[in-house]
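Please open the structure in your viewer and keep the sequence panel visible. The tour below proceeds by selection, with a description of what is found at each stop.

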Amino acid sequence: MATISANAVKDLREKTGAGMMDAKKALEEAGGDFEKAVDVLRKKGLSAAAKKSARVAAEGVISSFVGPGGKVGVIAEVNSETDFVAKNEDFQKFAGAIAEVVAARNPADVAALALLTIAGENVESKRQALVQKIGENLAIRRFVRYQTDHALAIYLHGTRIGVMVEYAGGDEQLGKDLAMHIAAANPLYLSREMVPADDLARERAVFEAQAKESGKPAAVIGKIVEGKIEKFYTDTCLVDQVYIKDPVGKLKIKDLLKQMAAKSGGNVAVRKFARYQLGEGIEKKKVSFADEVAAQLK
């Protein structure tokens, strides 16, 4: 059996992030060959990652990146199983690198992203190695990339909410204010004209059923429904929402844009936006603490 030096174990741990005993066993299995030992750990990492892939990962971070000149922007959601791991430095660096490579390479989707490289290493291989090192399932869930000749603003509320907005006209402060408003008010659509017909029809059907149950006269029901539809627009459409920084609570986003246009002498408009909230739409399984610890040991 080849003699395994402490320095070889140290070097292998630094390169792969494996534990000391795992690194030593890999070197022994590889007969002291460093590169073969790396492959041994990678293969074991693939197995470990596969076992953990079924675990729900709903924690993590929203990361972001703005390219040179501010014309390319990205927000991305990278998930972990626990909030504890979300604070891990290696995990956060990985999440930041994901946003950066999306900005640079513009992959079509998460599957295409997995085939790209970060610092010469395949994204999926890097994810699997991190799963092995950290001991939790990690997932690149989604990303959005904007490239524009106009202006971009990105706002992160901690690591749990990320907003990117593309706008024309106005100044940098306007972009920041718009992004913060979107983070707080959570609009679903840019304007009432952009509400999908199916969404509107579904809301209208609900409002009509509610109005009929109220026992109001038929002549009144139509007005009640239209009033609820208008409230739906003001709640869910960005330009119809009341601006969160307006102390009076009456100024709408569309009015704010008009004010900025009047000051600048040009058109000011929001072109599009994206808002990610960490873990939204992911069904979290409720498990006991004992079961959670047992799962970590598998």
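**A contact between two helices**

Begin by selecting Leu174, Leu178 and His181 in α8, which meet Ile253, Leu256, Leu257 and Met260 in α11. Please bear in mind throughout that this is a predicted model. By class, the residues in the contact of α8 with α11 comprise six nonpolar, one polar and no charged.

Now extend the selection to both helices, residues 172–185 for α8 and residues 253–264 for α11. Their axes come within 12 Å and cross at roughly 180°. Because angles over 145 degrees count as roughly antiparallel, α8 is roughly antiparallel to α11.

**The open sheet**

Next, select the strands β1, β2 and β5. These three strands form an open sheet in the order β1-β2-β5, with antiparallel pairing. At its edges lie β1 (59–66) and β5 (139–147), each of which pairs on one side only. From one strand to the next, the twist averages 10°. In general, strands of a sheet pair through backbone hydrogen bonds, either parallel or antiparallel.

Narrow the view to β2, residues 72–80, together with β5: eight bridges join these antiparallel strands. Which residue in β5 stands opposite isoleucine 75? Selecting valine 144 shows the partner, as isoleucine 75 stands opposite this residue.

**A helix across the sheet**

Finally, add helix α5, residues 89–105, to the selection. Helix α5 lies across β1, β2 and β5, and the helix runs at about 145° to β2.

Methods: Residues are numbered from 1 along each chain as its sequence is written. This is a predicted model: local features need pLDDT of at least 70, side-chain atom pairs count only at pLDDT 80 or more; totals for chains, interfaces and linings use all residues. Side-chain values use heavy atoms; hydrogens and water are left out. Two strands pair if DSSP finds at least two bridges between them. Helices (H or I, at least four residues) and strands (E, at least two) are DSSP runs, numbered from the N terminus. Axes are lines fitted to C-alpha atoms, for helices over the stretch in contact, and angles run from 0 to 180 degrees between N-to-C directions. Contact means heavy atoms within 4.5 Å. Angles under 35 degrees count as roughly parallel, over 145 as roughly antiparallel, 65 to 115 as roughly perpendicular and the rest as oblique. Ala, Val, Leu, Ile, Met, Phe, Trp, Tyr, Cys and Pro count as nonpolar, Asp, Glu, Lys and Arg as charged, and the others, Gly among them, as polar.
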